[in-house]
Amino acid sequence: MNLGRRTVLTALGSTAALTVSASGARAGSGASSRTPAADALARLLPRHHDQVTFRTLPRPERGSGDAFRVSGSRGRILVEGTTPAVQLTGFHHYLRHHAHAHFSWSGEQTESLPARLPALAAPVTRGANVTHRFAFNDTNDGYTGPYHGWDYWERELDVLALHGFNEVLVHLGADTVYHRTFQEFGYGDAEMRAWIAGPAHQPWWLLQNMSGFGDPVSRKLLDRRAALARKIVRRIRELGMTPVFPGYFGTVPPGFADRNSGAHVVPQGDWVGFTRPDWLDPRDPHFARIAETFYRVQSELLGDTTMYKLDLLHEGGKPGDVPVGEAAKAVEKALRTAHPGAIWNILGWQTNPRRDILDAVDRSKMFIVDGLSDRFPTVTDREEDWAGTPYAFGSIWNFGGHTTMGANTPDWASLYESWRTKENSALDGIALMPEGADNNPAAFALFSDLPWTDGSVELKSWFEQWPTQRYGGHDAHAVAAWDVLRRTAYGTTRADSWSEGHDGLFGARPALDVSSGASWSPGALRYDSEEFARALPELLAVAPGLRHSSAYAYDLMDVTRQTISHRSRVLLPRIKAAYDAEDRVAFEELTGEWFTWLGLLEETVATQPRHLLGRWIADARAWGADDEERDRLEYDAVSLVTVWGPRSGADDGGLHDYANREWAGLVGGLYTLRWWTYFDGLAVALADGTTPRPVDWYALEDGWVRDHPAYSARPSGDVVRIARKVAARL
């Protein structure tokens, strides 16, 4: 426990703090407006919010000091905490552990709450054991939802606060910052709008991987996104959290040196089939002027913050003849000139941050969010790797937003606490960084608990308690189901050098020997799929009174979906054997079974609103000003989860299906079309004794992306009925 944490835990017993009722004003102040925590609770629990009082504690001079204390009698709950977000974290801890209720980004359970909130037998106190609780991967805005609106973001920020996070990466608005900045350096409005990528692809433009895909963005779109960014940032600040903005590290539009005499620009080559934007040498005098403009424009748009994300030379960036250490010093100087004392946030990924970067900068003002903590067994000493630079224990439990459930939770339980408490540890945070969020609710909750747990998390106990919190009461079948999941999907480790679960083959580009949907995903099962399937009948046996929540419906869908997905890895080798043996009867029977499972998969995922391609499309089209722009934005969104980009990226770069996901519309649309095309070609070849005709998969896929049937944006079907049908076929 650090000094700041001790100080606040002591202060929790003080009566000098400010008290606020969730139903309204500060106690004794006569004010009529609610505080941010009270406002959030009114949104989340409209029937119970007036039973909760919040008390704000002063922050200590040193240390992170974030802590909460919850106490109270029946119907009169007192939550004390250092910020509005921490107060919400404390209340959510009470909900989960004392009221058998909870919120998540994938289902919630509050229906079981009694009319009056239950009392606590004794006060509950928790303090954060690290300063930083960082949320979101750089790719989040692409893979989670590039076209979400305020309703989504308002709830997302509430849920992050409930789970204890205090730093949120915000990419929205960066397009406007670049658009305005470079118009002061020789570029016109239309040129900049053509260079900026569409919203679904913007994360990789900001990482200096690509530009311009998705056709020109409109001025109206930029303005609407900037307005949304301002609302998001305002709410983050109201909750006492820190927005993390992109910083400037040298990306420039094409032809910069032609318009700015003497500029030293380094071409960056290609990134998996895309031409990378050029990099301006940070030692060049032009760099300081651009950086000053960039940070000024950003501050005018969104205000200042204390942490900026700068991923210098990300994923193969080329320094050319520029000394990397000197470049890093110049980047750091520009940041600190604009924002003295600001923290440079950088992703720990592949070989980044390079040692010559770390040796050149003030490491006490750098913070690394480690994307490989639970990925490779060779990662054992980040203090040595990064010369004592403060860092966060991070997890990327999915890539591309794959819908696969599971995580390397044994690594979280064993590594986080041992790394944090070892002598001279530099670990001072967690970093929640799945490439796509809003999935895997058990992983979300467990990872979020790490900074608020004394000692190591005991996984067996945690998973025994989870279904009670998730469904509203104890049930032996629910406990049995989650014990199966603990030992399978949530029982994997980094020993095999993977941090994400295997994806399914129904979403793979067809081949008889295909082993994964995405090019960079596990090529084999990471756990026993037959053992995993035992969770399904246990979930179906949960007492009817505990099945009414959206949490239960989501989990039943997810386990059913993954059980079906595993059938693809069982069936495909049998189909290949039948084809190789030229057994047409067996081939027809097995491929028929393949399409039966595909149909059941489509039915299953259609029951959940966030598993609908139709909703993804509707969200994108809602941002368009006219039909032409709506079509353009739809292509931007749908291409990302299918072909990803042009043929050079999809085929030569291997990006096709990188973001495959088992969604209604994708399963019943593109995935079914591809496998039908493929198996039909094999059947003809078997009948004729010929070689199967080749298929131009990119042409088929891109054609479907541009011209596909309409898909519903509303969920449909009874997940219990469908799950029973699936269980009966196993």
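Let's start at His 100, which counts as partly exposed because its relative accessibility is 33%, between the 20% and 50% limits for that label. You'll find His 100 in the loop between helix H3 (84–98) and strand E5 (124–127). Keep in mind that this is a predicted model. His 100 has a positive phi of about 55° although it is not a glycine. Most residues other than glycine have a negative phi, and most peptide bonds are trans.

Val 272 gives us another case: its phi is positive too, about 35°, and it isn't a glycine. This residue sits in the loop between strand E11 (270–271) and strand E12 (274–275). With a relative accessibility of 28%, Val 272 counts as partly exposed. As for peptide bonds, have a look at Asn 352 and Pro 353, which are joined by a cis bond with omega of about -5°. Pro 353 belongs to the loop between E15 and H13.

Those two elements lead us to helix H12, since strand E15 (343–348) and helix H13 (355–358) are among the pieces that cover its buried residues. Helix H11 (285–302), strand E13 (278–280) and strand E14 (307–309) also help cover them. The buried residues of H12 include Val 324, Gly 325, Leu 335, and also Glu 332 and Arg 336. How far apart should the ends of H12 be? At 1.5 Å a residue, its 15 residues (324–338) should span 21 Å, and the end C-alpha atoms are indeed 21 Å apart, so the two agree.

Strand E13 has another role, in an open sheet of three strands ordered E9-E13-E10, with antiparallel pairing. Strand E9 (251–252) and strand E10 (265–266) stand at the edges with a single partner strand each, so one side of each has no neighbour in the sheet. E9 and E13 run antiparallel and are joined by two bridges. Within this part, Thr 251 stands opposite Trp 279 in E13.

Now for the rings. There are 58 aromatic pairs in the structure. One of them is Tyr 178 with Tyr 248, a tilted pair at 6.4 Å centre to centre with 55° between the planes. This pair links distant parts of the chain, 70 residues apart: Tyr 178 is in helix H6 (residues 174–182), while Tyr 248 is in the loop between strand E8 (242–246) and E9. Tyr 178 counts as buried because its relative accessibility is 2%, and Tyr 248 is buried as well, at 0%. Rings also meet charges here: the charged end of Arg 224 sits over the ring of Trp 623, 4.5 Å from its centre. Arg 661 lies over the face of Trp 616, at 5.5 Å from the ring centre.

Moving along, we reach helix H24, where ten of the 14 residues are buried, so the helix is mostly covered. Its buried residues pack against helix H4 (140–143), helix H8 (202–206), helix H9 (219–238), helix H23 (613–621) and helix H27 (697–706). At the start of H24, a side-chain oxygen of Asp 626 comes to within 3.2 Å of the backbone nitrogen of Glu 628.

Our last stop is Thr 591, in helix H22 (residues 584–605). Is Thr 591 buried or exposed? Its relative accessible area is 9%, so Thr 591 is buried. A polar atom of its side chain lies 3.2 Å from the backbone oxygen of Glu 588. Leaving aside neighbours within four places in sequence, Thr 591 is in contact with Ile 575 and Phe 679.

Note on methods:
Residues are numbered from 1 along each chain as its sequence is written. This is a predicted model: local features need pLDDT of at least 70, side-chain atom pairs count only at pLDDT 80 or more; totals for chains, interfaces and linings use all residues. Side-chain values use heavy atoms; hydrogens and water are left out. Helices (H or I, at least four residues) and strands (E, at least two) are DSSP runs, numbered from the N terminus. The expected span of a helix is 1.5 Å times one less than its number of residues. Buried means under 20% relative accessible area, exposed over 50%, partly exposed in between (1.4 Å probe, protein chains only). Contact means heavy atoms within 4.5 Å. Two strands pair if DSSP finds at least two bridges between them. Rings of Phe, Tyr and Trp (its six-membered ring) pair if their centres lie within 6.5 Å; planes under 30 degrees apart count as stacked, over 60 as edge-to-face and the rest as tilted. A charge sits over a ring if NZ of Lys or CZ of Arg is within 6 Å of the ring centre and within 35 degrees of the ring normal. A polar contact is a pair of N or O atoms within 3.5 Å; within protein, one must be able to donate a hydrogen and the other to accept it, and residues adjacent in sequence count only if both atoms are side-chain atoms.
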